[in-house]
Number of protein chains: 2
Amino acid sequence: MTSTTPLPSWRPGVTRDRLLAFLDAARSVPTSDRVAYFDNDGTLWCERPTYVQFEFFLDALRRRVADDPSAGERPEFAAVLSGDPAQVGELGLARVALALAGLFVGRAPEEFAAEVRAFMATATHAALGWPMSATVYQPMLELIAELRRLDFTVGVVTGGGTEFVRAVSEDLYGVPAELVVGTLIAYDFERDPSGRPVLRRAGRMLGTANEGPAKVANIQTQLGRRPILAAGNSGGDREMLEWATAADRPSLALLVDHDDAEREYAYTGRAETLTETEPITETASRLSWSVVSIANDWETVFPR
Amino acid sequence: MTSTTPLPSWRPGVTRDRLLAFLDAARSVPTSDRVAYFDNDGTLWCERPTYVQFEFFLDALRRRVADDPSAGERPEFAAVLSGDPAQVGELGLARVALALAGLFVGRAPEEFAAEVRAFMATATHAALGWPMSATVYQPMLELIAELRRLDFTVGVVTGGGTEFVRAVSEDLYGVPAELVVGTLIAYDFERDPSGRPVLRRAGRMLGTANEGPAKVANIQTQLGRRPILAAGNSGGDREMLEWATAADRPSLALLVDHDDAEREYAYTGRAETLTETEPITETASRLSWSVVSIANDWETVFPR
């Protein structure tokens, strides 16, 4: 392997061959249609044992409860602090997530971003033992770099919080804020005592969680361009991957299969996705998507 | 004036001096904060005697009525076809606009964009007599080019329909779809008879019209970066311009004053803006914004 080999962390094989064939075919696509969107959790970085955003929320919750122990009695917070996923599951992840987002009501956008970055600067992955920022997948970083060499526009389309991901997307992936679409918390427009405008995070969501069909509709309304490459790892990505490949032009759907208990985790998709009608790996097989086996296709998983 | 003079269509004077001073100061701002947003109608291109998007709607309405004369009896459509602004005003522009948008219910995004481009390919400005695409302001194109030379991210934040502007923004301004924020029509996610996903324009708006405080909130939720330059021409741009200049860093608010009846039009702001509490030119004066006098500051108005 020489230094000019593209995608060095991708092992030779069918998946890498299809990726290279797609990249070659994309040269025939007008530049303005060279658009690639990646899911985030489990596609660009590790989502186990818990979502990084959940760790961020948990950290904020612990600080809140240290200040005001009675806050921990709220059922959603008690469930989170119990450390028992079943208790969270019983209340519903959506309800718990909204309660946790409520910890940041009133924050200006810059304040929220600063808190995310402060968390990321010190947080380490519980099992891997290294910084959260190094739980990104090295092969995906190489793919993004290769796409950019071909003048692709690269975005992140996540079920996670838009503003959380925006606070890290430039550093981790070189993706600017406007190319991140996720689950949105509303902002209220207010004025400070001197009359200057300010934005404050509200306690309500805008629209629904950015999962399933919502990912497709939100890509159109917020980004306005249909991808020719979409990558995901769960049922929440199904429609986005179908949509990327349903037009009559070169396209690729990539599904990351977490099958490497030794170097990462072994699991299939997310159980909580409402649209789970067929296991996502079966959809991939039926529609001839490219399934990325972490165990077999990736020579290197993490950048360290 | 040599070919290396920046902003050649801007006449020497206070406005041009402030622009150049801002561009110079912006070099000290981190690249990721070099963000400029422009209103569209009346700021980047001519909005008189009617909005270009209104002409597009009118053209579609005429074709609809030619097919089905009874369609013209709907009050909103009868008001539009009467050619009498007072009749439209009586029903309310928002109601009429939504009725007109309804002419495109069921269209896929690509179909709608193709219709806009087909219209733009042949439409001419009623008074100027040249193509609509040449009713953009040459000095603003030069400013955008200068901003890009300084690695600015340039977006369009419009009260007009997001998808209408996206269909022309790359050609007119080099602004990609994801950097256009406007008034949004919802899309429904559906499947075609073969089961493939499709998006269809719905008959309902997402959120409110993108005017006033909504411009600020929508910039944050859809773009995620605060501008250091904002340009507008009406009360609907007030909060965006205030917000751009309220942070503690180099910034500029540009207000286009339409004061040139000879080469363009002479009018002040839009009467229909709900947030009109103070004439926008008085806000500009109170907050020391840069007011662009078309008559005095622009050597050339249009690119032809």
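At what angle do helix H3 and helix H5 of chain B pack, and how far apart are their axes? I'll start there, with the reminder that this is a predicted model.

Helix H3 of chain B covers residues 75-82 and helix H5 of chain B covers residues 93-101. They pack at an angle of about 100°, and their axes are 9 Å apart. With 65 to 115 degrees counted as roughly perpendicular, H3(B) is therefore roughly perpendicular to H5(B). On the H3(B) side, the residues that meet H5(B) are Glu76(B), Phe77(B), Ala79(B) and Val80(B). Their partners in H5(B) are Arg95(B), Val96(B), Ala99(B) and Leu100(B). Sorted by class, this contact has six nonpolar residues, two charged and no polar ones.

Next, a second helix pair in chain B. Helix H6, residues 109-122, and H8(B) have axes that come within 9 Å and cross at roughly 60°. The two helices are therefore oblique to each other. The crossing of H6(B) past H8(B) is right-handed. H6(B) contributes Pro109(B), Phe112(B), Ala113(B), Val116(B), Arg117(B) and Met120(B). These meet Glu163(B), Phe164(B), Ala167(B) and Val168(B) in H8(B). The class count here is eight nonpolar, two charged and no polar residues.

Now the interface. How many residues of chain B are in contact with chain A? There are 30, and they touch 30 residues of chain A. The elements of chain B that give two or more residues to this side are helix H8 (162-173), strand E3 (180-191), strand E4 (197-206), helix H9 (213-223) and helix H10 (238-245). H8(B), the partner of H6(B) a moment ago, is thus one of the elements on the side that touches chain A. The largest share, seven residues, comes from H9(B). By class, the chain B side has 17 nonpolar, six polar and seven charged residues.

Last, the symmetry. A turn of 180° with a shift of 0.0 Å along the axis lays chain B on chain A, with an RMSD of 0.0 Å. The two copies are thus related as by a two-fold rotation axis. Which residue of chain B has its C-alpha nearest that axis? That is Gln222(B), with its C-alpha 3.0 Å from the axis. Gln222(B) falls within the residue range of helix H9, 213-223. As for the surfaces, 100% of the interface residues of chain B are also interface residues in chain A, so the copies meet through the same surface.

Definitions and conventions:
Residues are numbered from 1 along each chain as its sequence is written. Chains are lettered from A and ligands numbered from 1 in the order in which they are written. This is a predicted model: local features need pLDDT of at least 70, side-chain atom pairs count only at pLDDT 80 or more; totals for chains, interfaces and linings use all residues. Two residues are in contact if their C-beta atoms, placed from the backbone, lie within 7 Å. Helices (H or I, at least four residues) and strands (E, at least two) are DSSP runs, numbered from the N terminus. Ala, Val, Leu, Ile, Met, Phe, Trp, Tyr, Cys and Pro count as nonpolar, Asp, Glu, Lys and Arg as charged, and the others, Gly among them, as polar. Axes are lines fitted to C-alpha atoms, for helices over the stretch in contact, and angles run from 0 to 180 degrees between N-to-C directions. Angles under 35 degrees count as roughly parallel, over 145 as roughly antiparallel, 65 to 115 as roughly perpendicular and the rest as oblique. A crossing is left-handed if the near helix is turned anticlockwise from the far one by less than a right angle, and right-handed if clockwise. Copies are superposed by least squares on the C-alpha atoms of residues with pLDDT of at least 70 in both.
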